[in-house]
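Hi,

Here is the structure I promised to send over. Have a look at it first, and then read on for my notes.

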Amino acid sequence: MKKNNINLYLASPRGFCAGVDRAVKIVEETIKKFGSPVYVRHEIVHNKDVVNSLAKLGAVFVEEVIEAPVDRPIIFSAHGVAKSVLKEANERQMISIDATCPLVTKVHNETIKHYNLGRHILLVGHRNHPEVTGTMGQVPKDFVSLIETEEDALNIKVKSKEKLAYATQTTLSLDDTKNILEILKSRFPKIKGPNSEDICYATTNRQKAVKSMSKLCDTILVIGAKNSSNSLRLVEVALAHGVKVAQLIPDEETLDQFLSKFDSLSSPNIGLTAGASAPETLVQILISKLKKDFEVNLIHHEVTKENVTFNLPKILREK
């Protein structure tokens, strides 16, 4: 029986960004240096496959510092933590290693700078996301307000329009953020922003690739976890740019369920990408499974090259 043909557009860049790659290496190198177990507060990145592979090496994932013994290292996730978390580890005299993405650290530093200058900060982001919790925890709670939607931006009340600044979560949709920031700048012309864009280069590049593939594809598949803001935004961007089907694929079971219903005749052009915290493994599994059922024409769809790298913390570079 002849196999149906499909065109599979493989996005580039996709998958691990420099911040995620660094965070994973921090856990691996900490285990090498201090032995196992080492403790990690919160998932190091939002991906179960990554977390499970690190757990096998000797990483123990906890939600709070108090759950880790004082005589073992504790690592803070790539999403960043509030100052109170760092203080707790220091008070317990623990070896603490910060895996916060340097681009998130940039947002933390900007938030602190605005606070020191007496400005109230409007933080654009998603409530309860670890990165947002960490950023809001850099300054006293009365000095920062969360903006989640355009409606929030339209209705937020501030004490002083003169002493105001904004920052954004790094993994948001560029389009949605643009609309919110336009409202804030219209309402508060003197509001201060960052010196450079808060939304990270990897988020921007992956969204650009999806927008570009949306012109060519009927379906776009996004490898990524259900709690990964970066991956969820890729699905939203695809749908916003006219794709008929945009599907998040968090695991192999979801992949199998999708493929069992997939009709190549109505959707011969497929785009495939992966969020910034998703490993390449599931991408390759998906390609292999498609090749079993279809004649796959694999097309590498590159929109830009990435060559960003971040250094490991000093404690792991010391012999």
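Is the crossing of H10 and H11 left-handed or right-handed? It is a right-handed crossing. Please keep in mind that this is a predicted model.

A little more on that helix pair. H10 covers residues 252-261 and H11 covers residues 281-293; the two pack with their axes 11 Å apart, at an angle of about 30°. Angles under 35 degrees count as roughly parallel, so H10 is roughly parallel to H11. On the H10 side, the contact is made by Glu252, Leu255, Asp256 and Leu259, while H11 brings in Leu282, Ile285, Leu286, Lys289 and Leu290. Sorted by character, the residues of this contact are six nonpolar and three charged, with no polar ones.

Now to the sheet. It is open and has three strands, in the order E7-E6-E8, with parallel pairing. Strand E7 (144-147) and strand E8 (164-168) are the edge strands, each pairing on one side only. On average, and ignoring direction, neighbouring strands here are turned by 25° against each other. Between strand E6 (residues 120-124) and E7 there are four bridges, in the parallel sense. If you want a place to start looking, Ile121 stands opposite Val144 in E7.

Two helices lie across these strands. Helix H4 (residues 102-116) lies across E6 and E8, and runs at about 170° to E8. Helix H7 (residues 174-187) lies across E6, E7 and E8, and its direction is at about 155° to E6.

Happy browsing, and best wishes!

Note on methods:
Residues are numbered from 1 along each chain as its sequence is written. This is a predicted model: local features need pLDDT of at least 70, side-chain atom pairs count only at pLDDT 80 or more; totals for chains, interfaces and linings use all residues. Side-chain values use heavy atoms; hydrogens and water are left out. Axes are lines fitted to C-alpha atoms, for helices over the stretch in contact, and angles run from 0 to 180 degrees between N-to-C directions. Angles under 35 degrees count as roughly parallel, over 145 as roughly antiparallel, 65 to 115 as roughly perpendicular and the rest as oblique. A crossing is left-handed if the near helix is turned anticlockwise from the far one by less than a right angle, and right-handed if clockwise. Contact means heavy atoms within 4.5 Å. Ala, Val, Leu, Ile, Met, Phe, Trp, Tyr, Cys and Pro count as nonpolar, Asp, Glu, Lys and Arg as charged, and the others, Gly among them, as polar. Two strands pair if DSSP finds at least two bridges between them.
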